[in-house]
Number of protein chains: 2
Amino acid sequence: MTAVDVRGTRTDLPAGGFHRLCVGPLDTETGGHLPAVELAYETWGTLNAEGTNAVLVLHALTGDTHVAAHRQDPRTGWWDELVGPGRAVDTDRWFVVAPNMVGGCSGSTGPASPAPDGRPWGSRFPFITLRDAVEAEARLADHLGIARWHAAIGGSMGGARALEWAVSRPDRVAGVGVLASTAHSSAEQIAFAQSQAQAIRLDPQFRGGDYYGGPQPEAGLGIARRIAHITYRSAEELAVRFGRRHQGEEDPFGTAAGERLGRYQVESYLDHQASKLVGRFDANAYLTLTEALMSHDVSRGRGGVAEALRRFTGRAFVAAVETDRLYLPAESHELAALLPARPQVHMIDSPLGHDGFLVHYGQVAEQLRQDLAL
Amino acid sequence: MTAVDVRGTRTDLPAGGFHRLCVGPLDTETGGHLPAVELAYETWGTLNAEGTNAVLVLHALTGDTHVAAHRQDPRTGWWDELVGPGRAVDTDRWFVVAPNMVGGCSGSTGPASPAPDGRPWGSRFPFITLRDAVEAEARLADHLGIARWHAAIGGSMGGARALEWAVSRPDRVAGVGVLASTAHSSAEQIAFAQSQAQAIRLDPQFRGGDYYGGPQPEAGLGIARRIAHITYRSAEELAVRFGRRHQGEEDPFGTAAGERLGRYQVESYLDHQASKLVGRFDANAYLTLTEALMSHDVSRGRGGVAEALRRFTGRAFVAAVETDRLYLPAESHELAALLPARPQVHMIDSPLGHDGFLVHYGQVAEQLRQDLAL
């Protein structure tokens, strides 16, 4: 049963809120410059006086700050089963912070934000790496009075950022939690990302990235999302769920004037996924975050993956989805074997593929709590 | 050593030739009409007087008629190790025929061919199914005096056509050879095909399919090829071959005016694959054959896969590539289990993924010879 107080606020939810903070100018790793970066973030629970009970939760590519419901925003979040009163990340004990990554479009400074001339950055927005994102987030931690996160946790791109936090600032992270993510982006991930980026740039409405004020490059972004979504799922799941079935009354064998008219169910499903993303995401932000994720490599300038990971001697939690064909379980094993904490790799048993980390993550909640002493 | 005769013709190669035949008008399965279909085909060896030593070899999506070298065209073919004197398909004994599929662009009638009004078919070219292709090829067999193929063999889309031949005309096929192919296209294959088709159609140069006389939709076709090529390979192969290495002196972290300048090796590799295909393939033909392949389903109108496959009681050879993630070995096992011949599934041990059927097929040549009594 949902408990509500006299003003209709759900009292079973933790205190929380959505905030914005300007963290100042940012000189990016590759020589770009943003004169003022604003970070959007959500919080749950209360920071203790010593600032020692903070947990950082980092979103995936198209995720946002809304990890879990709180009193000010009771919508279900993307890791709702993990964060809340009595949950693995117990908001009665932990102060949880979830920033939107710089370059995104869910409240933080990104390509759709105004540049100093008042026009959107568009094509002028600099190439961002995950290290740039961590630098901005470190300033947020400074502002909040968090010298050290008890844990930094994320899945997919969020896991990559958590790992980059741990390796670049081992003194500021006591434990790292990495779900369905790896020490560096792989050739295959780069390959699929390239097709996605090119599809967006091919859209005539993209106009080199300066499409604001006109129509969005929806078709290109939609294709990118379709490609990505297939890689987030497993062939087996698509086979069981859709097979070769036709969409409703549509007939993929029906034609007129040489054109195939009807769709298979799986096409309709991907159209729906594309349309959902296009309605909530900026194409330039998708490009910026995709290329940031491709830049992910904890070893860059640090003498190799083993040497980079050796920097972080804190607690570690690693989980993989058994059927993930984008972030391979074997890569999670490689990561775990090189982390000084030598964590076990917890397997999420899900038929979904990569998206299992957003759907069946509850399976490893208790292991997360244990491995990170939450 | 290469043997040549006095005119410089290689005498170690079989007799052979490239031909074209008009097989008449074609009413397509979905109600389209082509008033005259021309099929291009190559042959090797000599048909015996009884017409009983004929073998049909069918190409994959972007393949063509040039299966193997012959005296008139000594270029290496795509299954050169399989077809020739002393090879598994011994051209001293067998008369080999390889047609280009209707709808393609390697000599047979396709969207770039002139319609009755003299202009290219373009957007008016009808939706083609693999059954339409087999109907056209059956007329070619009639013309050549081949009442029954000793074997019909192919890989990927070629395997799908071979299987459709066997199921639709069991009296005309004594043995079927299916490499890296399945009884029907899967949800995942349809999904990846959709993205590819949409990328081509998004290209402003596509102009609804009527781009002849102007620039080709090279960018769109290139993206389609990149997506396809990734699915033809394995994540492991890409990781070992390219990893995160940069292309030559290019720097993926180098930027100017906000744009990432350099490429990873895997991006350059895919650019090269795209560019090679764009130079030799028509975008409309790519769309036509891709949608034809998605239509592949031996069970359509035949009461299910098991019942359809029960129609073909001849010899069968089935092979899969261990690392294939587009045509899953499990699907080859399902196919083999439902074929009355109950063939063993021969595994091609290749790190490449699907493309192993074009590279490491020599591993199963002897099994092909045995299973199909070649």
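**Exercise 1.** Determine whether A:S156 is buried or exposed in this predicted model.

*Solution.* The relative accessible area of A:S156 is 7%. Buried means under 20%, exposed over 50% and partly exposed in between, with a 1.4 Å probe and protein chains only; A:S156 is therefore buried. Its place in chain A is the loop between strand 9 (151-155) and helix 2 (157-168), where helices (H or I, at least four residues) and strands (E, at least two) are DSSP runs numbered from the N terminus.

Conventions: residues are numbered from 1 along each chain as its sequence is written, and chains are lettered from A. Local features need pLDDT of at least 70, side-chain atom pairs count only at pLDDT 80 or more, and side-chain values use heavy atoms, with hydrogens and water left out.

**Exercise 2.** Establish how A:H354 is placed relative to A:S156.

*Solution.* First, A:H354 belongs to the loop between strand 14 (345-348) and helix 10 (356-359) of chain A. Second, A:H354 is buried, at a relative accessible area of 1%. Third, the residues that A:H354 touches (heavy atoms within 4.5 Å), not counting those up to four places away in sequence, include A:S156, A:D324 and A:Y327. Finally, the side chains of A:H354 and A:S156 make a polar contact at 2.8 Å; such a contact is a pair of N or O atoms within 3.5 Å, one able to donate a hydrogen and the other to accept it within protein, and residues adjacent in sequence count only if both atoms are side-chain atoms.

**Exercise 3.** Which residues does UniProt list under "active site"?

*Solution.* The unreviewed entry names A:S156, A:D324 and A:H354. These residues spread over 199 residues of sequence yet cluster in space, the largest C-alpha distance being 10.9 Å. UniProt annotations may be inferred rather than shown by experiment.
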